[in-house]
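Student: I should like to learn how to read the features of a protein model, one at a time. Please give me the general idea first and then the case at hand.

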Amino acid sequence: FDKPKPGREADSPLMLSSYPEFIGCPASVVFHTPFLRYFTLLRSEHVSRAAIEKQLAAGNNIGLVGDGIAGIFQCSLEEEVIALKNKKGLAKLALRNGRHIIPCYSFGNTEAFSLWYDSFGWMEWISRKAQASLFFYWGKFGLPIPHRVNITMAIGDMIEVEKVENPTQAQIDEVHQRILDGVEKTFNTYKNALGWGHKRMRFV
């Protein structure tokens, strides 16, 4: 997250054009898949370090899903399982570029579809190799139509990060822990109001 670009200061909180652009970062396979690639007509970029740093250098803000493909294979009816415990690339990227982080959590996504994947981990292994999520899913009437659930994006407190061109492992670990704490705090703050009080969050 960044401040308004020089020379484009906002006169009103509603003047969103005065702020840096928001760029979404889907899996790279989206850019090469028929039909899905039309989503890239929206402001988007490959989820690679070089591509992300290019957008950050241009003064834009980046949005990405921290646990990526791995998170899909951690779904549970009892818990919200986040595959982020040992993924520290986001913390390192934020430090190298001196960019703040806003932790968010989207309630309802894990109930929009029912899904099945093998218990041996083969589908997850193939998905990681192909950089695409391969599993069976269905929704309303057994079709690829999402179940009728409320989807709510909860936004947490900003995590301020100072720029360190060559961060140490200790610095990376500290920012990474703040990210985990921020995501969990955001989840716990809003879960009861949104009807998710029966669930807890767990990082793997």
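Student: How does R178 count in terms of relative accessibility: buried, exposed or partly exposed?
Tutor: A residue is buried under 20% relative accessible area, exposed over 50%, and partly exposed in between (1.4 Å probe, protein chains only). With 29% relative accessibility, R178 belongs to the partly exposed residues. Please note that this is a predicted model, in which local features need pLDDT of at least 70 and side-chain atom pairs count only at pLDDT 80 or more, while totals for chains, interfaces and linings use all residues. Residues are numbered from 1 along each chain as its sequence is written, and side-chain values use heavy atoms, with hydrogens and water left out.

Student: Which side chain meets that of R178 in a salt bridge?
Tutor: Side chains of opposite charge can pair when their charged atoms come close. A salt bridge here is a side-chain nitrogen of Lys or Arg within 4 Å of a carboxyl oxygen of Asp or Glu. R178 is paired with E174, at 3.7 Å from N to O. Both residues belong to helix α5 and are four residues apart, so about one helical turn separates them. Helices (H or I, at least four residues) and strands (E, at least two) are DSSP runs, numbered from the N terminus. E174 is partly exposed as well, at 42% relative accessibility.

Student: Which residues are joined into one network by salt bridges that share partners?
Tutor: The network consists of E79, R200 and R202. Within it, the closest N and O atoms of R202 and E79 are 3.0 Å apart. R202 stands in strand β8 and E79 in strand β3 (residues 79–82), so distant parts of the chain, 123 residues apart, are linked by this pair. R202 is partly exposed at 33% relative accessibility, whereas E79 is buried at 12%.

Student: What do K88 and D173 tie together?
Tutor: Their side chains form a salt bridge of 2.8 Å, N to O. K88 is in the loop between β3 and α3, and D173 is in helix α5, so parts that are 85 residues apart in sequence are tied together. Partly exposed is the class of K88, with a relative accessible area of 28%, and of D173, with 30%. In the whole structure, a search finds nine salt bridges.

Student: Let us turn to the interior. How many residues does the largest nonpolar core have?
Tutor: A nonpolar core is a set of buried Ala, Val, Leu, Ile, Met, Phe, Trp, Tyr and Cys residues joined through side-chain atoms within 4.5 Å. The largest one has 20 residues, and I101, Y105, V161, V175, I179, M201 and F203 have the most contacts inside it. At least two residues of this core come from each of α3 (89–97), β4 (104–107), α5 (169–190) and β8 (200–203). The largest share, six residues, is supplied by α5. As for V175, apart from neighbours within four places in sequence, its contacts (heavy atoms within 4.5 Å) are A91, L95, I101 and V161.

Student: Which residues of α4 are buried?
Tutor: They are M123, E124 and S127. Viewed down the axis of α4, the buried residues fall within an arc of 100 degrees (taken from the directions from the helix axis to the C-beta atoms), so they line one face of the helix. Against them pack α2 (68–72), β5 (114–116) and β6. The face turned away from the buried side carries the exposed residues W122 and K129.

Student: Where is L134 found?
Tutor: L134 lies in the loop between α4 (122–130) and β6 (136–138), and it is partly exposed, with a relative accessible area of 38%. A132 is in the loop between α4 and β6 too, but A132 is buried, at 16%.

Student: Which residues make a nonpolar surface patch?
Tutor: Patches use residues with over 30% relative accessible area and no salt bridge: like charges are joined within 9 Å, and nonpolar side chains (Val, Leu, Ile, Met, Phe, Trp, Tyr) within 5 Å. Here F120, W122, W125, I126 and L134 make a patch of about 620 Å². Such areas come from the Shrake-Rupley method with a 1.4 Å probe, and for residues only the protein chains shown count as cover.

Student: How many helices and strands are there in the chain?
Tutor: The chain has five helices and eight strands. Of its 204 residues, 32% are buried.
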